[in-house]
Structure formats: C-alpha cells, structure tokens
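Colleague: I am new to this structure and should be grateful for a close look at a single part of it. Please choose one helix, describe it with care, and then place it in its surroundings.

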Amino acid sequence: MVSPLFALAQGGGQAAAEAGHYEPFLPGLVVLLPLLGFVLNGILALRHGRASADAVRRGEELDLGDPSSRPSTHTLPTWIGPGVMAAAFLITLVNFVRMYGAHLEEPVIVHYWTWIATGTFTVDAALQLDQLSMIMMMIITGVGFLIHVFSVGYMKEDPGYPRYFAYLNLFVFFMLVLVMGSSYALMFVGWEGVGLCSYLLIGYWFSDREKSDAGKKAFIVNRIGDVGFLVAMFLLFRAFGSVDFVPVFAEAETLAYAGGLVTAITLFFFVGAIGKSAQIPLYVWLPDAMAGPTPVSALIHAATMVTAGVYLVARSSALFALAPLSSAVVAGIGVLTALFAATIALKQNDIKKVLAYSTVSQLGYMFVGVGVGAYAAGVFHLMTHAFFKALLFLGSGAVIHAMHEAYHSTHSHEDAQDMRNMGGLKAFMPITWVTMWIATLAIAGIWPFAGFFSKDEIIWYTAAFGGAENAPYPALYTVYWIIALAAAMLTAFYMTRMMVMTFHGENRTGAEESKALHEAPAVMWVPLAVLAVLSVFGGWINVPEELQASWVGLFGVLPTSEWLHHWLEPITAQAHHIQEVNLGALSYSSPFGGGEVLWATISTVAAGIVVFASIRFVGGQKVVPVAQDESEPSGFAKVLANKYYVDEFYDRFVVQPILAASRFCWKIIDARIIDGAVNLVGMVSKGVGWGVSMFQTGTINTYAFILTVGVLAILGAALL
Amino acid sequence: MVTEALVLSAILFVIGTFGVLIRRNAIIMFLCIELQLNAVNLSFVAFSRMFGIEGQLFVFFVMTVAAAEAAVGLAIIISIFRHYETVNVDSFNLLKW
C-alpha cells in the first residue's frame, strides 16, 4: 500500500483529460492533509486520554483552565487541527486559480489506483476536479478552516480537545472524498464517512445519555437514506455497467426521457439525499444533532455535510433532468420542508434549535432550486448558506460560550442555550451582535446581503420552470412558488425573533451572572468577522443579468453578472440541454405577471417589512427567564412548540412497534422457542440418560442377565 | 461323532451360563465362565475335524486368554475378599452411576 499512498501524496496521478490548460496542483494532498491531521490528533488524543486517566488515578485533575499548565497533548492540536485545514485551503486556492484561468470543458480525472476490479466492473481511486467539486472544496476547506479556528477558542477547556480535533479533521477528509470522488462508489465512501464523523461529534460528550442518544438517532435515520443511495447505485450499474460520473453522464441520454428506470434511479438517490440533508420525513435527526459542540453544528450540520444531498442532486443533474417526476418530487419535498421547518422554528426557545430548523428549512430551498432545474442556483444557495449559517451557528456558539461562563461563575444550572435567559446581550458582545445581524439579514433575504440573491433566484426559477412551454405540472410549480415565498417571510420573522430575544431588550441572565458575560476572544470573533464579510458580498458573484442593470445591481455597479452560472456551465449544460429539448424555453416571468426586477423588489421589501414588524412585535412581548416562565403555549402555538409532535408520532408508530417486535423476537422467539428447543433437547437427553442409568445396578448378576437376554434376542432375531 | 461332541459342548455351555446367572459366589461364577470357555473349546476341536487345523489353533488362544483372565480375575476376587471379607457378589454394587 505504500506506492498508491505515495502517489497520492505526490499528486503524481496522470491527468486523464488535457482540456483547457488546467494542471492540477497536488489535489491528493488536499484530501490527505486532513487525514494526516486526524492521525496526528488521534495519536495525541490517545496519549492525552491515558495521561488524564493517570491523573484521575492519582486523585488529581488535569488543569486545562490555565494555559501555562496545559499538557502538550492539549496544546499541539491547536496548531495541527487548523494548520492542516489552512494548508488544504491554500492548495485548493491554487487549484481554483488555475482552473479559473483554464476554462475547463471536461472534468479532470486524477487517477491513483484501481480500487475495485471484478469482472466488467471497476472502480478507481480517482479524484474528479471540475467546477462543481472545486466550489465545494473551496467551501469545505475555507469555511472549515474558519470553524477550526473558532473551535480553538470554543473548546479550549474541554478535556477531550485533541479527540475533538481528530474527529473534525477526519470529517473534513471524508467530506472532501465525498465531493472529489470521481464515482458514486467513492462518493458513497465519503457519504458514509461523514455520517460516522457526524455520529462521533454529536455524541462527543458521550457521558451524557441524551447526547449519545442524539448521535445514535442521527446515525440510524441516516442509514435509512443510505439504503436508497445504495439501491440507486445498483440500478446505475445495471443501466450503464459503471458508477463513474463521466461514463454514466455520457450515456445518460440513452435512457428514455421520463422513463421508469431513470425515475427510479433518481428517486432512490433522492431518498439518500433526504436522509443526509434532513428533509421530510427524515429531518428529525438534525434538530437533535444540536447536542454536539456548536462549531460542529456549524461545520457539519449547517455548512457542509447536510448539503451533501444537494451536491448529489446537482452532480446528477443530467439524470434528474431526465426524470421530471423525480424533479417535481425533489422540489415538492424541498418546498414542504422549507415551510414546515420554518413554522416549527417560530416557537423554539433554544437558540440552536431555531438555527437547526432554519437549516432544515434552507436545505429545503436548495432542493427546490435543484428540483426546478436551477442547479447552479441550488449550489449558489448552498454556498451563501454555508457562509451565513456557519456565521449564525458560530455566533450562537459565542453567545452560549459567554452564557455558559456566566452561569458557571455562580454555579447556576440554568440553561445557557435558552433564549429566554438571554436578552440585551448586544451590550456585552457587540461584535457577535453585529455579525449575527448581518447573517440574519442575509438569511432573511434582505438586499444586498448574500441570501437575498441566492434565495430569490431559486424562487424565481420555480416560477420560470412552471411557466416553461411544456412544463410537466405547471399548476404544481405555482403552488411551490407561493409556498416558497411564504416560507421566506417566516424565515425573516423567526430569525428576527431569535435576534431580538437574544440581543435586545432587558438582560434576563441574572444580576450576578451578567457580570461574567463577555465578548468572545479574538480567536472566535475573527472567524465571525470573515464570515460576515462573505455573508455580505458572497451573493454578488451571481447577480442575474436582468437585475444587474436595475437598482438591485446598483445599476450595473455590482460585478460580473451570473458568474457562478457561467462557472458551473460545463456541469449543468447537459441538464439544461435535456430540459430545453423536452420542456422548451423557460418563461422568465412569475405566475402573476411582473418581471424579475419587480418580484425581487417585492420580496426584499416584504422581507424588510417583516423584519421591522417583528422587531417591534417581539420587542414588545414580555419574555421571562426560564426559571420564572410558567406560561404554557396553547392551541397551534403548542403544536409548533412541540414540533408538530412528529417525534412523538415516529416514536408511537415506528420506534415502539420496532421495539415491541424486537422484544417479541427476544422474549418469545429467542428465549422461549429457540432457547426452549435447545433446552428441550438437553432435557430429553438428560431424562433418557437418567432412565437408562437405572439399569446400571452395580450388581454383576443383572449385567450377566441382560447380556444373556441380549445375546439370546439377537440369536433369536437372526434365526427368525 | 461330531454331533455328540457338539451336543456335549452345548450342554456344558448352558450349565456354565446358568451357573453365572444363578450363583452368587464369585469363585463359582468364575468357574462357570471357565466352563463356558471350555465348552467353546470343545466345539472348536470338534469342528476342526471337518474344517481343518485352525479350530485347534484357536483353542490354544482361548486357553491362553483364559489363563490370563484367571490370573487377573482371581487377583481381583482376592482383593475384594480382603476388603469385604466375602465373595458374595450381592454385597458389592458400587460400580454404577
């Protein structure tokens, strides 16, 4: 195994395609560096674990609060963890710049070795470098690096610090395999790997039963989706004899348009995407996943892993474009999830739960985008969402960090994540306050922040797709469009509510506790600031041409219109071609008339009104700290606060029946029937043995008599 | 001639068998076993008239084994007698489950 690894480290694979003049720069190292970080941090974690166990045995405790007395196993990960990410990001950046200048038409495959070869089926360990994987690599290593840096501040006093960075590095490794693999099989390796890391990091504080249960829940729910991914891969192999991206897409159009096979393949892929990207009905694991450390929520459960499903659909755009039914299902599930999760977020009091449901909702938008054939728009929203949602989560992490220390200072056991205990935090943490407002305005879809451009584009394409000449289900897309707009308004409301409850009004933390509230240290607020800048400007790379000349594009001042669309053109061209042949031209107008500029204006003005109205509305509400809060929500608010009782429903109709069936198999089938049969055989042998042993009297005459009778019987039988 | 010898052999064997079954004295039982063996020897010798020398050959084997058996068996019986001061087989029945 030395040679392939060496080849990987050297980046010495041979480029299969020479298109453009793009020469990959050490692409293998991008993948390998986080793996190296995992190995190093993992070794440190093992040593660290032993050292702290020894200390406990001596009756001491490792003092992690004082920087000077921290052991080297605790200080080294600070450099290794973010260090490998910085290096990976720089290499990615070099590759990005090279690809940017190359105008690549075909993906570049960097081949290392043959991984599986059985009969006609081969899977290579090869990386695919194209515009889509490059965007994903930039997000993963870039945002990932910032979150690693933030983690240094957030986790510095955690006894499992090196283990944390080991898991985090391993996650990035698998995530990069997921997006850079050149085949569905390799993608599946990453797909499963990120699931594993997600499980490990959700249950990071595994001594807490609730948290380790949340990890298990995420793992099990994801398995349901993974079955779909596997079945889809089997079908792909049946159809094309390969699961590599290049040959599959090259032959994709040999499948009948809207045929059964391509519909089945895409629907099964989407089942996988539903699990990984937390869509209805498998979204339930994501809110529970908030049990993990907050930077983990930012990296895995907001910016990268949960968007893998969107990446999958965007990557398979040629297949999804061939299956209008599947695409309609994708967009339908997406838009329903967007609305459903947004309504739940209205009534949550845990700051991370609000953000979790908001993530589910935004992922729904991305699926609407890729479901209506706007693959670039879906990826665009994926990117901007990675910026502002990572910022929101890291910001909430800073808030929780401060709240935790405040309660720690008085040894209070109040909930550091409940917004009812916050309020007025802007006085204590101004940087967090400003950056989180930027992210909130971005997610609410306020011009000119990043989220406005990406979300608006998705909503716009929903209408445009429904108005196409031969749109498969035109009325359906009008419904989607209306729901998407409604959910956008809800987004603006619940995010503003979160901000007002957290940062505005009177402080409710407690008089004694509030003295310990403080702004996050630089290692935490600098990543916030960087992400805030990206949340402002990130949307400007993809200003639609129609809007660029209007006020939305500052009358042409905003740069390069539709840059991301053009950048992703080589990936999406095939899907757009299929769409154009079969559906005709898109309408580029809303179902109710009016051009793009008008509706962009309407949506941002409406979102702005909602934000201002909800500042006044929520600000006017009296919020009491958890300890004194005895109000019970009633009516529909109660249903929302309890998340539509979906968890209860699943528990009643899925978990309990399975448990009952398992208990039946255990108590009845296993303990009674199977064990019973085994015991019966034993009992029979024992009984027969006991009965026969009665002949063993110990008296010689008995034996002699039996012997004689026996011989006579045999002789008699022989004679007869 | 052979028939008579075989009839005698059968009578001896049956006497031996009944002796083993009925008597309780270990020495007598032992003697009866010897009687059975020698009944068999008699039929071997008788048959050797019809089928050749092998029958007589077997007799020697049987006598050798019987001698060895007598040596071991008598030793056991003496040992039992020393322990129980009796050779009545009804009074020792420890060899069971």
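**A bent helix in chain A**

Modeller: Helix α7 of chain A bends by about 30° at I224(A). The model is a predicted one, and the account below should be read accordingly.

The helix in question, α7(A), runs over residues 209–240 and contains 32 residues. From its first C-alpha to its last it reaches 46 Å, close to the 46 Å expected at 1.5 Å a residue. The bend at I224(A), of about 30°, is thus to be set beside an end-to-end reach close to the expected one.

Which residues of α7(A) are buried? Before I224(A) in the numbering, they are A214(A), G215(A), K217(A), A218(A), V221(A) and N222(A). After it, they are G225(A), G228(A), F229(A), A232(A), M233(A) and L236(A). The residue at the bend, I224(A), does not appear among the buried residues of the helix.

What covers these buried residues? The cover includes four helices of chain A, namely α6 (184–202), α8 (245–251), α9 (260–276) and α10 (285–288). Just after α7(A) comes G241(A), which takes a positive phi of about 70°.

A second glycine with a positive phi is found elsewhere in the chain, in a hairpin. There, G119(A) has a positive phi near 60°. The hairpin is formed by β2(A) and β3(A), with two residues between the strands. Strand β2 covers residues 108–118 of chain A and strand β3 covers residues 121–129, and the two pair in the antiparallel sense over nine bridges. Within this pairing, A117(A) stands opposite T122(A) in β3(A).

The chain as a whole gives the setting for these parts. Chain A has 26 helices and three strands. Of its 720 residues, 52% count as buried. Its C-alpha atoms fill a box of roughly 120 × 70 × 60 Å, taken along the principal axes. Among contacts in chain A between residues at least 6 apart in sequence, 80% join residues at least 24 apart.

Chain A also has a partner. Ten residues of chain A are in contact with ten residues of chain B. On the side of chain B that touches chain A, six residues are nonpolar, two are polar and two are charged.

As to confidence, the predictor assigns the complex an ipTM of 0.87 and a pTM of 0.82. For chain B the mean pLDDT is 91, and 99% of its residues reach 70 or more. Where pLDDT is low, predicted coordinates should not be read in detail.

Key
Residues numbered from 1 in each chain as written. Chains lettered and ligands numbered in written order. Predicted model: local features only at pLDDT ≥ 70, side-chain atom pairs only at ≥ 80, totals over all residues. Pairing = 2+ DSSP bridges. Contact = placed C-beta atoms within 7 Å. Nonpolar A, V, L, I, M, F, W, Y, C, P; charged D, E, K, R; others polar. Expected span 1.5 Å × (residues − 1). Bend = angle between axes of the 7 residues up to and from the residue. Buried ≥ 20, exposed ≤ 12 C-beta atoms within 10 Å, placed from the backbone. pLDDT = per-residue confidence, 0-100.
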